[in-house]
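Biologist: I am new to this structure and would like to go through it slowly, asking at each step how a label was reached. Could you show it to me before we begin?

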Amino acid sequence: MIIVSQDKGKIINFDNMTRVYITFDEGDDDVCIRIETVDSLFEDLGYYKTEERAKEVLAEITEFWKNGAMSDYKGFICYEMPED
C-alpha cells in the first residue's frame, strides 16, 4: 500500500514504515500524523485541527489497509490523506 501525503507532495510506501502516529508540534495548534521509516527518518503526512480527527484518519488508514490486504486485488492500494 502507498500513502499520498495531504499536500500531495509525498508518496510513502507503507512497507517502508515502522510506525504511523499522532504528534503535537510545539508552537503549532494542529495535530500531525507522522510516520517513521525503516531508516529512522520522519515524514509528516497530514495536519488536523483536533486529536479526534487525527484518530479518525488513523482508523481509516487501518481499515483501508485491512480491506485492501484481504481483497483479491494484487496491485498497489493507494490511500490519500484527507483534508481536515
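Biologist: Which residue in E2 is the bridge partner of Val-4?

Modeller: The bridge partner of Val-4 is Ile-11 in E2. Please keep in mind, as we go on, that this is a predicted model.

Biologist: What makes strand E1 and E2 a pair?

Modeller: Two strands pair if at least two bridges are found between them, and strand E1, residues 2-4, is joined to E2 by three bridges, so the condition is met. The two strands run antiparallel.

Biologist: Why are E2 and E6 said to stand at the edges of the sheet?

Modeller: The sheet is an open one of three strands in the order E2-E1-E6, with mixed pairing. Strand E2 (11-13) and strand E6 (78-80) each have a single partner strand, so one side of each is left without a neighbour in the sheet. On average, neighbouring strands of this sheet are turned by 25° against each other, with direction ignored.

Biologist: How do you know that E4 and E5 pair, and what do they form?

Modeller: Strand E4, residues 31-37, and strand E5, residues 42-48, are joined by six bridges and run antiparallel; since at least two bridges are required, they count as paired. Together they form a hairpin with four residues between them, and in the turn Ser-40 has a positive phi of about 65°. Along this pairing, Ile-35 stands opposite Glu-43 in E5.

Biologist: What is the confidence of the predictor in the chain, and which elements have the lowest and the highest mean pLDDT?

Modeller: The mean pLDDT of the protein chain is 88, with 90% of its residues reaching 70 or more. Among the elements, E4 has the highest mean, 96, and helix H1, residues 51-70, has the lowest, 87.

Biologist: Why is the contact between Glu-36 and Arg-19 called a salt bridge?

Modeller: The rule asks for a side-chain nitrogen of Lys or Arg within 4 Å of a carboxyl oxygen of Asp or Glu, and the N to O distance for Glu-36 and Arg-19 is 2.7 Å, so the pair qualifies. Because Glu-36 lies in strand E4 and Arg-19 in strand E3 (residues 17-24), the salt bridge ties together parts that are 17 residues apart in sequence. By this rule the count comes to nine salt bridges.

Biologist: What makes Glu-36 buried and Arg-19 partly exposed?

Modeller: Buried means under 20% relative accessible area, and Glu-36, at 14%, is therefore buried. Arg-19, at 41%, counts as partly exposed, because that class lies between 20% and the 50% above which a residue is exposed.

Biologist: How do you know that Glu-51 and Lys-55 form a salt bridge, and where do they lie?

Modeller: Their side chains meet at 3.7 Å, N to O, and the limit is 4 Å, so this pair also counts. Glu-51 and Lys-55 both lie in helix H1, four residues apart, about one turn of the helix. Glu-51 is partly exposed at 36% relative accessibility, and Lys-55 is partly exposed at 48%.

Biologist: What joins Arg-53, Glu-56 and Glu-60 into one network?

Modeller: Let me start with one pair. The side chains of Arg-53 and Glu-56 meet in a salt bridge at 3.4 Å, N to O, and these residues are three apart in helix H1, about one helical turn. Arg-53 is buried at 17%, whereas Glu-56 is partly exposed at 36%. Salt bridges that share partners join Arg-53, Glu-56 and Glu-60 into one network.

Biologist: Which residues does Thr-23 touch, leaving out those up to four places away in sequence?

Modeller: Thr-23, which is found in strand E3, touches Val-31, Cys-32 and Arg-34 on that basis. With a relative accessible area of 15%, Thr-23 is buried.

Biologist: Why is Cys-32 not bonded to Cys-78?

Modeller: A disulfide needs two cysteine sulfur atoms within 2.5 Å, but the closest cysteine sulfur to that of Cys-32, in Cys-78, is 19 Å away, which is too far for a bond. The structure accordingly holds zero disulfides. Cys-32 is buried, with a relative accessible area of 0%, while Cys-78 counts as partly exposed at 36%.

Definitions and conventions
Residues numbered from 1 in each chain as written. Predicted model: local features only at pLDDT ≥ 70, side-chain atom pairs only at ≥ 80, totals over all residues. Heavy atoms only, no water. pLDDT = per-residue confidence, 0-100. Buried < 20%, exposed > 50% of the residue type's maximum accessible area, 1.4 Å probe, protein only. Axes fitted to C-alpha atoms, helices over the stretch in contact; angles between N-to-C directions. Contact = heavy atoms within 4.5 Å.
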